[in-house]
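Colleague: Got a minute to go through this model with me? I'd like to go through the sheets, a helix and a few odd residues.

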Amino acid sequence: MTERSAGILCHVSSLWGKYGIGSLGKEAYRFAKILAKNGVKYWQILPLVQTGFGDSPYQSVSCDSGNPYFIDLETLKKEGLLTKEELKAAERKGEVDYASLYAERYDVLRTAYSRFFFDDPDFRSYVKSGASEDYALFMTAKQVYGGRFCDWSEELKRRDADALEALRTDHHEEYLFWQFTQYEFRKQWFALKGYCNGLGIKIMGDLPLYVAYDSADVWAHAELFKLDKDLKPVNVAGVPPDYFSEDGQLWGNPVYDWRAHEKEGFSWWKNRLRGALETFDAIRIDHFRGIDRYYEVDADAETAKKGVWQEGPKEKLFTGVSGEIVAEDLGTIDEGVRTLLTRLGFPGMKVLLFAFDGNPENPYLPHAYPENCVCYTGTHDNDTVAGYAASLTPEEFILFRSRVAGALEAAGIMVPLKEDGKSFCDGFMHLALASEAKLAVLPIQDVLGLSNEARMNRPGTCGGNWRFRLECAPSARAMKKLKKAICKYRR
């Protein structure tokens with residue numbers, strides 16, 4: 001990041017539109033044009049992968065997949081794969097309803113697939129490249145046999161060559177359907193990315209540290225994870241008990257066998273990083289602290305209370321990899337993580353919502369930000385700024401307003417803080433953009449002054465998350481206010 005910039009955090013799923021979830025269609029192009037018009041240089045999104053357990057983009061069937069729900073249906077119509085009547089039948093307004101999408105969207109995509117010309121040389125070349133081979137085989141087996149991969153036949157779960165060929169041949173239509181979804185997704189994605197880059201906008205993607213157990217990733221690379229002889233996890237990931245959770249957090253993702261990764265030169269991980277840096281212009285690595293040291297728990301444990309810290313691969317993971325990488329270094333961070341970040345030179349994250357607890361040494365206070373960091377008003381895991389202000393008791397609100405007002409005054413920013421949450425959104429926007437941070441990112445919810453009804457995710461819960469959608473394009477008034485602040489603080 002070579003210059004002061006401003007960014008907006010808004011996942012593709014949150015874009016407005018007719019068909020039940022944001023897509024890579026005309027609304028995404030319009031959103032990019034709005035960002036460029038108002039001086040925004042980064043569009044940050046969440047993982048683009050096919051969502052899995054709990055509808056979470058952090059629990060996917062494949063870390064290299066593209067979410068078929070994001071395929072723009074109107075583009076498929078232009079390609080002659082869907083009719084006007086089929087588009088009309090697919091219309092769904094309101095927040096994202098994943099249950100309905102799961103029940104209906106794949107039928108629409110299968111209809112489009114039935115009209116697709118499979119001898120298209122670009123498609124044949126894509127399949128031959130192997131870019132989605134593991135994903136297509138995994139999804140085919142899922143449709144045919146169901147269950148988790150560890151419950152499939154011995155030959156298939158251990159990827160015997162004859163079993164894979166039989167799966168590909170005996171269920172060729174199913175196999176090609178999943179190849180088709182990825183071909184269409186990638187074609188639409190790179191067209192959108194090219195358009196954004198042409199407007200001067202960089203897209204920041206998100207790379208989860210861990211992958212889901214029941215995924216093409218673990219199935220295809222079982223030797224790189226801590227699994228038993230039946231290919232079931234021995235240890236799983238989580239975080240220990242802290243102020244927020246007396247039992248800790250038990251995520252359940254299988255942990256990496258870093259010795260096995262080192263023996264193969266970390267090639268799987270480096271290929272993953274390079275692929276992400278080709279798909280996006282910059283990436284944020286989620287739970288970066290796990291690369292220095294990670295917390296593992298026995299797979300049969302009921303809580304994360306009894307776990308152990310193990311050494312991670314540290315900087316060896318990034319040898320020979322270059323690109324714009326941001327480290328999510330939130331939570332309990334020790335000297336090892338700080339040293340690793342210094343060695344690698346990656347910017348860490350600062351979140352304004354964490355700043356105002358009354359501690360004058362709080363590292364999230366905006367006056368303390370180094371240049372080499374990315375400042376956020378909040379993240380997808382937090383309350384919105386307006387929602388947080390509204391959640392406080394009268395006594396807490398008075399203290400919060402006083403502390404935020406003090407930070408504004410210290411920065412020479414004149415923004416009155418009223419009783420409503422929107423004024424706090426304005427104050428946080430100015431604090432973030434005025435800071436020394438090289439990049440300041442605002443969730444679209446905070447730009448628009450939305451309450452916690454627009455919150456994206458509540459960690460530790462597995463229902464009702466990831467559903468937020470904009471009702472329409474961001475208002476010109478809100479974006480004009482943002483542009484004025486971006487100009488004021490030379491971003």
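Colleague: Which residue in E7 is the bridge partner of Val236?
Modeller: Val236 pairs with Val297 of E7. Strands and helices here are DSSP runs numbered from the N terminus, with at least two residues for a strand (E) and at least four for a helix (H or I). Mind that this is a predicted model, where local features need pLDDT of at least 70 and side-chain atom pairs count only at pLDDT 80 or more, while totals for chains, interfaces and linings use all residues. Residues are numbered from 1 along each chain as its sequence is written, and side-chain values use heavy atoms, with hydrogens and water left out.

Colleague: How many bridges join E4 to E7, and in which sense do the strands run?
Modeller: Three bridges link E4 (residues 235–239) with E7 (residues 293–298), and the two run antiparallel. Two strands count as paired if DSSP finds at least two bridges between them.

Colleague: What sheet does that belong to, and what is the strand order?
Modeller: An open sheet of four strands, ordered E5-E4-E7-E8, with antiparallel pairing. E5 (249–254) and E8 (307–311) are at the edges with a single partner strand each, so one side of each has no neighbour in the sheet. From one strand to the next the twist averages 45°. For those angles, axes are lines fitted to C-alpha atoms (for helices, over the stretch in contact), and the angle between N-to-C directions runs from 0 to 180 degrees.

Colleague: OK, and the eight strands: what order do they take?
Modeller: The order is E9-E6-E3-E2-E1-E12-E11-E10, in an open sheet with parallel pairing. E9 (324–327) and E10 stand at the edges, each with a single partner strand, so each has one side without a neighbour in the sheet. Here the twist averages 25° from one strand to the next.

Colleague: Which strands does E11 pair with?
Modeller: E10 (residues 348–351) pairs with E11 in the parallel sense over four bridges, and three bridges join E11 to E12 (residues 439–443), also parallel. Gly348 has Cys373 as its bridge partner in E11, while Tyr376 stands opposite Val441 in E12.

Colleague: And the faces of E11, covered or open?
Modeller: Both are covered: Cys373 and Cys375 on one side, and Val374 and Tyr376 on the other, are all buried. Buried means under 20% relative accessible area, exposed over 50% and partly exposed in between, with a 1.4 Å probe and protein chains only.

Colleague: Let's move to E6. What does Arg284 do for polar contacts?
Modeller: Arg284 sits in E6, and its side chain makes a polar contact of 2.9 Å with that of Asp206 and one of 2.8 Å with that of Asp286. A polar contact is a pair of N or O atoms within 3.5 Å; within protein, one must be able to donate a hydrogen and the other to accept it, and residues adjacent in sequence count only if both atoms are side-chain atoms.

Colleague: Is Arg284 buried or exposed?
Modeller: Buried, at a relative accessible area of 3%. Not counting residues up to four places away in sequence, Arg284 touches residues including Gln44, Tyr58, Met349, Tyr376 and His380; touching means heavy atoms within 4.5 Å.

Colleague: What about Ile285?
Modeller: Ile285 is buried too, with a relative accessible area of 0%. Leaving out residues up to four places away, its contacts include Leu207, Leu273, Phe318 and Ile325. The C-alpha atoms of Ile285 and Pro208 are 6.1 Å apart, with their positions 77 residues apart along the chain.

Colleague: Which helix residue marks the bend in H4?
Modeller: Glu104, where H4 bends by about 30°; the bend is the angle between axes fitted to the seven residues ending there and the seven starting there. The end C-alpha atoms of H4 (residues 98–114) are 24 Å apart, which agrees with the 24 Å expected for 17 residues; the expected span is 1.5 Å times one less than the number of residues.

Colleague: What caps the N-terminal end of H4?
Modeller: Asp97 does, with a side-chain oxygen 3.3 Å from the backbone nitrogen of Ala99. What covers the buried residues of H4 includes H2 (73–78) and H9 (172–198).

Colleague: Last topic, backbone angles. What is the phi of Trp466?
Modeller: About 65°, a positive value although Trp466 is not a glycine. Most residues other than glycine have a negative phi. Trp466 lies in the loop between H18 (444–447) and H19 (476–488) and is buried at 5% relative accessible area.
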